[in-house]
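Biologist: I am new to reading structures, and I would like to learn where the labels come from. Could we look at one together?

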Amino acid sequence: MDSLHHFARYLSGSAVDAEDLVQEAYARAFRAAPTFAWGTNLRAWLFRILRNAFIDGRRRTRRTSDEDASESASEEVPFAHEPLFGDIEMEALRGAVAADIERALSALTADARAVVLLDLEGFSEGEIAEIVGCAAGTVKSRLSRARDSLRKLLAQYRR
Amino acid sequence: MDCMETRTNLLAGRRGLLSPQEAASLQEHLRGCELCTRADAADIELSRTLSRLPRRDAPQALKRRLESRWAPRERRWPRRVGQVVAVAGVGLAVAAGATLFLGARERSDAMVTEAVNDHLRVLYSEHPVEVESGGIHQVKPWFAGRVDFAPSVAFAGDQDFPLKGGSVAYFMDRKAATFIYGHRLHTITLFVFRADGLPWPPADGEPVGSQRVYVRDDRGFHVLMWRHGDLGYALVSDTSPTDLRELAGRLATPGTGSESPRTP
């Protein structure tokens with residue numbers, strides 16, 4: 001439950017929404033329990049339910065269309081080959097405080113944020129793919145790009 | 001492997017998730033590409049940075065609410081539904097003391113194990129202290145907004161047991177204010193946390209200061225735990241039991257430091 005709430009809190013960016021999401025996920029899990037296939041990954045199943053609840057909520061509040069469009073576009077952006085910040089970037093990462101990390105995380109798209117959080121929870125690429133509903137290869141590139149963005153964001157905060 | 005593919009595979013490479021051929025190709029590219037080598041170093045540092053992302057555990061009120069509604073009860077649901085909800089509610093069970101399966105001693109042993117594990121995290125941490133000590137009046141206010149209680153500590157540190165600083169950790173399912181003391185070459189960690197809902201040992205503690213203190217050993221570490229008012233305390237170190245009792249006596253006795261513990 002703590003892990004689900006942690007995921008929900010950073011995914012939604014709101015303490016109130018996080019509680020609603022966890023409650024909604026529990027309610028959906030209860031309703032869907034008879035269809036759960038034993039032998040498959042229950043933890044990943046619960047996280048997928050919560051993420052789906054998050055997406056449904058965003059659709060209901062009509063915040064999703066513009067974001068989804070920009071997220072789809074950002075999927076296509078290849079790695080930028082601009083020079084890294086080098087020592088400045090390293091110092092920024094070392095000096096980043098909790099508020100910086102939370103701010104950088106919240107600046108990512110919801111999909112990017114999700115893969116970073118799920119990776120931190122210890123899910124494998126295959127499990128993350130199952131949760132977010134995409135191919136494992138997509139998870140790898142999405143996670144890599146998200147981490148790239150996080151590094152640049154954290155470096156900018158400290159400049 | 002080009003730069004783009006290398007960057008995509010850096011994390012998987014460090015985790016040993018690539019095939020031997022992919023790993024060799026990655027290493028070959030890194031040897032010849034300064035930018036990707038620097039990106040790899042920065043990505044390693046990012047992992048350390050992300051480990052400092054604060055945990056946002058479920059509030060106790062939410063746990064209680066969900067527990068009252070979804071906790072598995074005998075014959076309430078069909079077997080499969082009950083199993084799913086039981087697994088989903090593992091966190092709830094821990095928070096509630098896992099009373100179904102464990103005896104009182106075993107449950108309190110879980111607290112001892114947790115205290116030692118948390119102490120080990122302090123020892124292993126590159127940055128065990130998030131706020132350097134300039135005295136208890138500098139450390140205590142730092143916790144405001146970081147934990148959902150006011151950590152009450154009766155001992156401000158002295159020459160024998162200097163207060164090095166503080167940080168926020170997790171004890172079982174809740175946040176803990178962590179005070180780190182030194183004693184010669186030993187590190188002593190004091191965890192202060194909300195005491196409610198934890199599987200405390202039966203009231204067989206020995207008197208230390210003005211408290212009844214539970215004394216346990218685990219993996220070569222000595223653990224002293226006690227409750228005062230709403231708060232719980234766990235003191236952990238590999239220093240001698242006598243020295244640890246001495247510090248516990250100062251911590252558990254009002255008036256030996258800068259502040260008195262609040263009234264129960």
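**Where the labels come from**

Modeller: Happily! Let us begin in chain A, where the axes of helix α6 (residues 98–107) and helix α9 (residues 136–157) come within 9 Å and cross at roughly 130 degrees. Keep in mind that this is a predicted model.

Biologist: Why is α6(A) called oblique to α9(A)?

Modeller: Set the angle against the cut-offs. Angles of 65 to 115 degrees count as roughly perpendicular and those over 145 as roughly antiparallel. The crossing here is at roughly 130 degrees, so α6(A) is oblique to α9(A). The crossing is also right-handed.

Biologist: Which residues make the contact between these two helices?

Modeller: From α6(A) come A:D100, A:R103, A:A104 and A:A107, and from α9(A) come A:L150, A:L153, A:L154 and A:Y157. By class, 6 of the contact residues are nonpolar, none is polar and 2 are charged.

Biologist: Now for chain B. What makes the phi of B:R184 worth a look?

Modeller: B:R184 is not a glycine, yet its phi is positive, at about 50 degrees. Most residues other than glycine have a negative phi. You will find B:R184 in the loop between β3 (174–183) and β4 (186–194) of chain B.

Biologist: How do you know whether B:R184 is buried or exposed?

Modeller: Count its neighbours: 9 other C-beta atoms lie within 10 Å of B:R184. A residue with 12 or fewer is called exposed, so B:R184 is exposed.

Biologist: And B:R219, what is its phi, and where does it lie?

Modeller: Its phi is near 50 degrees, again a positive value in a residue other than glycine. B:R219 lies in the loop between β6 (211–218) and β7 (221–228) of chain B.

Biologist: Why is B:R219 called exposed?

Modeller: B:R219 has 12 other C-beta atoms within 10 Å. The label covers 12 or fewer, so B:R219 counts as exposed.

Biologist: How many residues does each chain give to the contact between chains A and B?

Modeller: Chain B gives 35 residues and chain A gives 39. On the side of chain B, the largest share comes from α3(B), with 9 residues. That side has 21 nonpolar, 3 polar and 11 charged residues.

Biologist: Finally, what is chain B built from, and how much of it counts as buried?

Modeller: Chain B has 9 helices and 8 strands. Of its 264 residues, 35% count as buried.

Definitions and conventions
Residues numbered from 1 in each chain as written. Chains lettered and ligands numbered in written order. Predicted model: local features only at pLDDT ≥ 70, side-chain atom pairs only at ≥ 80, totals over all residues. Helix = DSSP H or I, 4+ residues; strand = E, 2+ residues; numbered from the N terminus. Buried ≥ 20, exposed ≤ 12 C-beta atoms within 10 Å, placed from the backbone. Axes fitted to C-alpha atoms, helices over the stretch in contact; angles between N-to-C directions. Parallel < 35°, antiparallel > 145°, perpendicular 65-115°, else oblique. Left-handed = near helix turned anticlockwise from the far one by under 90°. Contact = placed C-beta atoms within 7 Å. Nonpolar A, V, L, I, M, F, W, Y, C, P; charged D, E, K, R; others polar.
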